[in-house]
Amino acid sequence: YASVLILMDLCGPDVVVRRQPAWLDGHFECPWTPPEVHTYYCDGSFQFSRSEQATGWVLSLANHGDYLSDRLRYCDEDDPDGHRTPGLLLIQAEGGTRRSPP
């Protein structure tokens with residue numbers, strides 16, 4: 001993610017740095033209890049509506065044909081080894097929105 005910060009600094013606010021498909025951007029309600037809202041930004045950063053493991057960036061996206069999987073890096077955790085965890089499995093629904101696989 002350091003390269004994103006360098007590009008943003010060099011290019012200024014008029015340049016959009018995109019690290020993920022546009023259909024992954026936005027606010028998404030998650031169907032578990034308690035409910036959460038996950039917000040993903042075009043540069044690959046994210047914010048979740050919970051108190052822990054709530055902010056960070058997408059380390060990688062893998063295309064599995066019918067779905068994508070992601071790996072996340074949380075920046076609100078004190079982990080010297082850099083906590084990396086699998087994220088969600090994502091399917092692009094009709095109309096370009098995102099949903100979790102059944």
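The following exchange concerns the nonpolar core and the aromatic pairs of a predicted model.

In this predicted model, local features need pLDDT of at least 70 and side-chain atom pairs count only at pLDDT 80 or more, while totals for chains, interfaces and linings use all residues. Residues are numbered from 1 along each chain as its sequence is written, and side-chain values use heavy atoms, with hydrogens and water left out.

Trainee: Which strands each supply at least two residues of the largest nonpolar core?

Mentor: A nonpolar core is a set of buried Ala, Val, Leu, Ile, Met, Phe, Trp, Tyr and Cys residues joined through side-chain atoms within 4.5 Å; buried means under 20% relative accessible area (1.4 Å probe, protein chains only). The largest one has seven residues: Phe 28, Tyr 40, Phe 46, Phe 48, Val 58, Leu 72 and Tyr 74. Strands are DSSP runs of E, at least two residues, numbered from the N terminus. Those supplying at least two core residues each are S3 (45-48) and S5 (68-74).

Trainee: Why is the pair of Phe 46 and Phe 48 classed as it is?

Mentor: Rings of Phe, Tyr and Trp (its six-membered ring) pair if their centres lie within 6.5 Å; planes under 30 degrees apart count as stacked, over 60 as edge-to-face and the rest as tilted. For Phe 46 and Phe 48 the centres are 4.5 Å apart and the planes are at 20°, so the pair is stacked.

Trainee: How many residues apart are Phe 46 and Tyr 74?

Mentor: Phe 46 and Tyr 74 form an edge-to-face pair, 5.6 Å centre to centre with 85° between the planes. Phe 46 lies in strand S3 and Tyr 74 in strand S5, and their separation in the chain is 28 residues.

Technical notes: Buried means under 20% relative accessible area, exposed over 50%, partly exposed in between (1.4 Å probe, protein chains only). Helices (H or I, at least four residues) and strands (E, at least two) are DSSP runs, numbered from the N terminus.
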